[in-house]
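Welcome! Here is a short guided walk through a structure that may be new to you. Please take a look at it first, and then read on.

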Amino acid sequence: MNQQQLLELDQAIRHWLKGLDDIIPNLIADMHTETKLNKFDLVTNVDRMIQDQFEAFINEHYPDHQLFGEEKNNDLVDAKHGDVWVMDPIDGTANLVKQKTDYCIILSYFSEGEPLLAYIYDYPHHTLYKAIKGEGAFENEVRMPKVAPLHINDAILSYNLYVINEQTQADLKNAAFSYRLIGSCGLDSLRVMKGQFGAHINTNAKPWDISAQFLFSEELGLKMTNLKNEPIDFALGGPFIISNPGCHEAVLEILNRDGGYEVNKNS
Ligand code: NAP
Ligand code: CA
Ligand code: CA
């Protein structure tokens, strides 16, 4: 695909995403919630309908593209080959259900395993963030600046308290300026992209939680690695940190100190 075709694809996807403004209010008005694996693992008609509508859209307009989505079976998807869309139709479903805010749609396009387009749609604030390979990252079509380096002492760090042991939490709090968590991997990551947070960690990220962050990190000069400072396989996910370059190594040093961050490290 040449750059002109990529820009045309971006235009079509942005048009589709803005079309969600007409359907989401009615879906939320009629929202019903189900649990999947456990009481925290929620899905609603909103998640399912957004993904179904996107699948119908690509089937109609790009029939040779594949969809790798949270709310479907992906056994037949070959994520590393061809044209692949990775979608989290609602990231922050618990926030949508409990607070009606602080959720987003994460959507990314990979060609032969390379990220070329990435979107995070902060629907409650009607703000669409996008990254285009080689063109940069944009907030509602306004170019986003690269972040200034942030030392860990000045950084707000974001991670889920259930999955980091108390000693590691204490060490992170002592080293950092403070702690905050929004509860949406996409929106917590966005705070890092905008220079507001120093880092966001998810110790068990799925491919759809982090698909857009690869290209945003590339275009904005952020660090995105696993917790051993190695590259992440986008088709597998796993332990994940997105970080300001000024504090990435310091945060990883603390996470890996004295046997690591895991909750039951001594058992
Ligand atoms: P939550 O509000 O349900 O979710 C917060 C964010 O984490 C969302 O982006 C969510 O994506 C994602 N997420 C949901 N379940 C996850 C999981 N099991 N592992 C990794 N990411 C997950 O989070 P919560 O209410 O604080 O926690 C719910 C359960 O998920 C708890 O058992 C918690 O330990 C676990 N969790 C683990 C991590 C981790 O870093 N390992 C992070 C978050 C939550 P969706 O909205 O698309 O589901
Ligand atoms: Ca998610
Ligand atoms: Ca989701």
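## A helix on the inside

A residue is called buried when its relative accessible area is under 20%, and exposed when that value is over 50%. With that in mind, turn to helix H5, which spans residues 185–193 in this predicted model. Eight of its nine residues are buried, so helix H5 is largely enclosed by the rest of the structure.

Which residues of H5 are buried? They are Cys185, Gly186, Leu187, Asp188, Ser189, Leu190, Val192 and Met193. After H5 comes Gly195, which has a positive phi, near 80°.

## Two calcium ions that share a residue

Let us move on to the metals. The calcium ion (ligand 2) has three protein donors, Asp88 (OD), Asp91 (OD) and Asp209 (OD), at 2.1 to 2.3 Å. Along the sequence, these donor residues follow the spacing D-x2-D-x117-D. Asp91 belongs to strand S4 (residues 83–91) and Asp209 to helix H6 (residues 207–210), so this pair ties together parts that are 118 residues apart in sequence. Both Asp91 and Asp209 are buried.

The calcium ion (ligand 3) takes its protein donors from Glu70 (OE), Asp88 (OD) and Ile90 (O), at 2.2 to 2.3 Å. Their spacing in sequence is E-x17-D-x1-I. Because Glu70 sits in the loop between strand S3 (66–69) and S4, while Ile90 is in strand S4, the pair ties together parts that are 20 residues apart in sequence. Ile90 is buried, with a relative accessible area of 2%, whereas Glu70 is partly exposed at 24%. Which residue coordinates both ions? Asp88 does, and the two calcium ions lie 3.8 Å apart.

## Around ligand 1

Ligand 1 has 18 residues around it, and those that come nearest are Asp91, Gly92, Asn160, Cys185 and Thr203. Two of these names have come up already: Asp91 is a donor to the calcium ion (ligand 2), and Cys185 is one of the buried residues of H5.

Oxygen atoms of ligand 1 take part in several contacts. A polar backbone atom of Cys185 is 2.7 Å from an oxygen atom of ligand 1. Glu70, also a donor to the calcium ion (ligand 3), has a polar side-chain atom 3.5 Å from an oxygen atom of ligand 1. For Asn202, an N or O atom of the side chain is 3.1 Å from an oxygen atom of ligand 1. Taken alone, ligand 1 exposes 750 Å², and the protein buries 76% of that area.

## Charged partners

Side chains of opposite charge can pair when their charged atoms come close. How many salt bridges does the structure hold? There are 14. Asp10, Arg14, Lys130 and Glu141 are linked in a network of them. Within it, Arg14 and Asp10 form a salt bridge whose closest N and O atoms are 3.1 Å apart. Both residues lie in helix H1 (residues 3–29), four residues apart, which is about one turn of the helix.

Asp10 also forms a salt bridge with Lys130, where the closest N and O atoms are 2.8 Å apart. This pair links distant parts of the chain, with Lys130 in strand S7 and Asp10 in helix H1, 120 residues apart. Are these partners buried or exposed? Both are buried, with relative accessible areas of 5% for Lys130 and 2% for Asp10.

Another salt bridge joins Lys194 and Glu139, with 3.6 Å between the closest N and O atoms. Lys194 is in the loop between H5 and strand S12 (199–205) and Glu139 is in strand S8 (residues 136–139), so the pair ties together parts that are 55 residues apart in sequence. Lys194 is partly exposed at 35%, and Glu139 is partly exposed at 28%.

## A buried serine and a surface patch

Ser243 lies in strand S14 (residues 238–243) and is buried, at 0% relative accessibility. A polar atom of its side chain is 3.4 Å from the backbone oxygen of Gly198, and the side chain of Ser243 also reaches the backbone nitrogen of His248 at 3.4 Å.

On the surface, Phe40, Tyr162, Val163 and Val263 form a nonpolar patch with about 450 Å² of accessible area together. Phe40 is in the loop between strand S1 (33–35) and strand S2 (42–44), and this residue is exposed, with a relative accessible area of 60%.

Technical notes:
Residues are numbered from 1 along each chain as its sequence is written. Chains are lettered from A and ligands numbered from 1 in the order in which they are written. This is a predicted model: local features need pLDDT of at least 70, side-chain atom pairs count only at pLDDT 80 or more; totals for chains, interfaces and linings use all residues. Side-chain values use heavy atoms; hydrogens and water are left out. Donors are N, O and S atoms within 2.8 Å of the metal (3.2 Å for Na, K and Ca); water is not among the atoms, so sites may look incomplete. Helices (H or I, at least four residues) and strands (E, at least two) are DSSP runs, numbered from the N terminus. Buried means under 20% relative accessible area, exposed over 50%, partly exposed in between (1.4 Å probe, protein chains only). Patches are made of residues with over 30% relative accessible area and no salt bridge: like charges are joined within 9 Å, nonpolar side chains (Val, Leu, Ile, Met, Phe, Trp, Tyr) within 5 Å. Accessible areas come from the Shrake-Rupley method with a 1.4 Å probe; for residues, only the protein chains shown count as cover. A salt bridge is a side-chain nitrogen of Lys or Arg within 4 Å of a carboxyl oxygen of Asp or Glu. A residue is near a molecule or strand if one of its heavy atoms lies within 4 Å of it. A polar contact is a pair of N or O atoms within 3.5 Å; within protein, one must be able to donate a hydrogen and the other to accept it, and residues adjacent in sequence count only if both atoms are side-chain atoms.
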